[in-house]
Amino acid sequence: MPYSEERITSTRRWSDKTFTFTTTRPEGFEFKNGQFVTLGLRPEGKLIPRAYSIVSEPEAEELEFLSIHVPDGALTSRLAHSGPGDSVWINTKATGSLTFEHVQPGRTLYMLATGTGIAPFISLIRSDALFEYFEKAVLVHSVRTVQELAYRDEIESRISERLRYVPTVTRENHDYACPIAQQPYDNNQRGADMFRSGELFSILDLPPADPEQDRVMLCGNPAMNREMTDWLLEHGWTQTNYKGVGNFSVEQAFVTTMSDNDD
Ligand SMILES: Cc1cc2nc3c(=O)[nH]c(=O)nc-3n(C[C@H](O)[C@H](O)[C@H](O)COP(=O)(O)OP(=O)(O)OC[C@H]3O[C@@H](n4cnc5c(N)ncnc54)[C@H](O)[C@@H]3O)c2cc1C
């Protein structure tokens, strides 16, 4: 595997559980908006590799990543304490199923994320190509606490008639709501539930999502991805896979071990 030794150039804490870090970029490394790479540290010489979505755009000088901090996680217990100048090894083969080519072009692209699953979507909304593929885009981000609404300021600065942002916070009372919602809504519920109940469309004054015209990308915890995938398949949507490009595409934000509670 082609790992390149790079340096961390900056870090930013969002919450006790999440942080962003930037790195130097491997020479000649190419990727598409929405893809992920494997990166890691070598604490005792042996590489601890983990998958990470790339937040930055393909043209960016540096690479940017949004990370969870798992206190006893093999990688992130160490990565969370790394800083500018520290080494990080980045595999220069990028892949993933959340690029613009992974769903058919369409009317509205719904991007449903939980937690760090927002990372690939930040890369997508930074791209001018977003509105070459879709007329509108809706970014739904569900987290447990308000602090975990990473990139909130940047997303808000990009909001327009064409790009909507619906943050929801499930474990904390808060008064933060979609800045251009047409009507009040319960912002303590999960974004995926709002999609399935149809409330998402009414608060945005958009027609209900239609598999013929609209597209969906999922990047969430395994439970959210599973529930949404089952629901979409039951409601006439087609998932992109090796047989062809459908109208929805899925990526895991992380994988769980048997003992995990993945809500
Ligand atoms: C395709 C793909 C893309 C990924 N992209 C990212 C990303 O952009 N940012 C990121 O932080 N992680 C991402 N992950 C998860 C990442 O690979 C690691 O699991 C994470 O960095 C934790 O590593 P660790 O060694 O500290 O703990 P691990 O031993 O890998 O994980 C321990 C446990 O922590 C929980 N966990 C792991 N990652 C997360 C997470 N992101 N959010 C909530 N709980 C988690 C799970 O329950 C897991 O079983 C991605 C995973 C996949 C499969």
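Okay, to start: how many of the nine residues of strand β7 are buried? Seven of them, so to speak the bulk of the strand, which runs over residues 106–114 and is mostly covered. Keep in mind that what we have on screen is a predicted model. I'll come back to β7 in a minute.

Let me step back to the overall layout. The protein is split into two domains: domain 1 covers 3–91, and domain 2 covers 100–252. Their C-alpha centres sit 25 Å apart. Where the two domains touch, domain 1 puts in 17 residues and domain 2 puts in 15. On the domain 1 side, the elements that give two or more residues are β2, at 18–23, and β5, at 63–68. Of these, β5 has the largest share, with four residues. And what's the chemistry of that side of domain 1? You get seven nonpolar residues, eight polar ones and two charged ones.

Now, the ligand. Which residues come nearest to it? There are 26 residues around the ligand, and the nearest are Arg50, Gly73, Leu75, Thr76 and Phe254. If you'd rather think in elements, those that supply two or more residues to this shell are β4 (48–53), β5, α1 (76–79) and β11 (248–252). You've met β5 already, on the side of domain 1 that touches domain 2. Both domains take part in the shell, too, since at least three residues come from each of domain 1 and domain 2. By type, the shell has 13 nonpolar residues, ten polar and three charged.

Right, back to β7. Which strands does it pair with? One is β8, residues 134–143, which runs parallel to β7 and is joined to it by eight bridges. Another is β10, residues 215–220, also parallel to β7, with five bridges. If you want to find these pairings on your own screen, try two neighbours in the sequence. Ala113 has His141 as its bridge partner in β8. Leu112 has Leu218 as its bridge partner in β10.

Stay on Leu112 for a moment. The largest nonpolar core has 64 residues, and Met111 and Leu112 are the ones that touch the most other members. The biggest contribution to this core is from β8, with six residues. Again both domains are in on it, with at least three residues from each. So who does Leu112 actually touch? Leaving out anything up to four places away in sequence, the contacts are Val140, Gly191, Ala192, Phe195, Val216, Leu218, Gly220 and Met228. Leu218 is on that list, and it's the bridge partner we just saw.

Last stop: two residues with backbone angles to look at. Tyr151 has a phi near 65°, which is positive even though the residue isn't glycine. You'll find Tyr151 in the loop between β8 and α4, the helix at 152–158. The other one is Asp205, with a positive phi near 55°, and again that's not a glycine. Asp205 lies in the loop between α6 (199–204) and β10.

Are these two buried or exposed? Tyr151 counts as buried, because it has 22 C-beta neighbours inside 10 Å, and the cut-off for buried is 20 or more. Asp205 counts as exposed, because it has 11 such neighbours inside 10 Å, and exposed means 12 or fewer.

That's my tour. Thanks, everyone!

Terms used. Residues are numbered from 1 along each chain as its sequence is written. This is a predicted model: local features need pLDDT of at least 70, side-chain atom pairs count only at pLDDT 80 or more; totals for chains, interfaces and linings use all residues. Domain bounds come from an automatic or database domain assignment. Two residues are in contact if their C-beta atoms, placed from the backbone, lie within 7 Å. Ala, Val, Leu, Ile, Met, Phe, Trp, Tyr, Cys and Pro count as nonpolar, Asp, Glu, Lys and Arg as charged, and the others, Gly among them, as polar. A residue is near a molecule or strand if its C-beta atom, placed from the backbone, lies within 6 Å of it. Two strands pair if DSSP finds at least two bridges between them. A nonpolar core is a set of buried Ala, Val, Leu, Ile, Met, Phe, Trp, Tyr and Cys residues joined through C-beta atoms within 7 Å.
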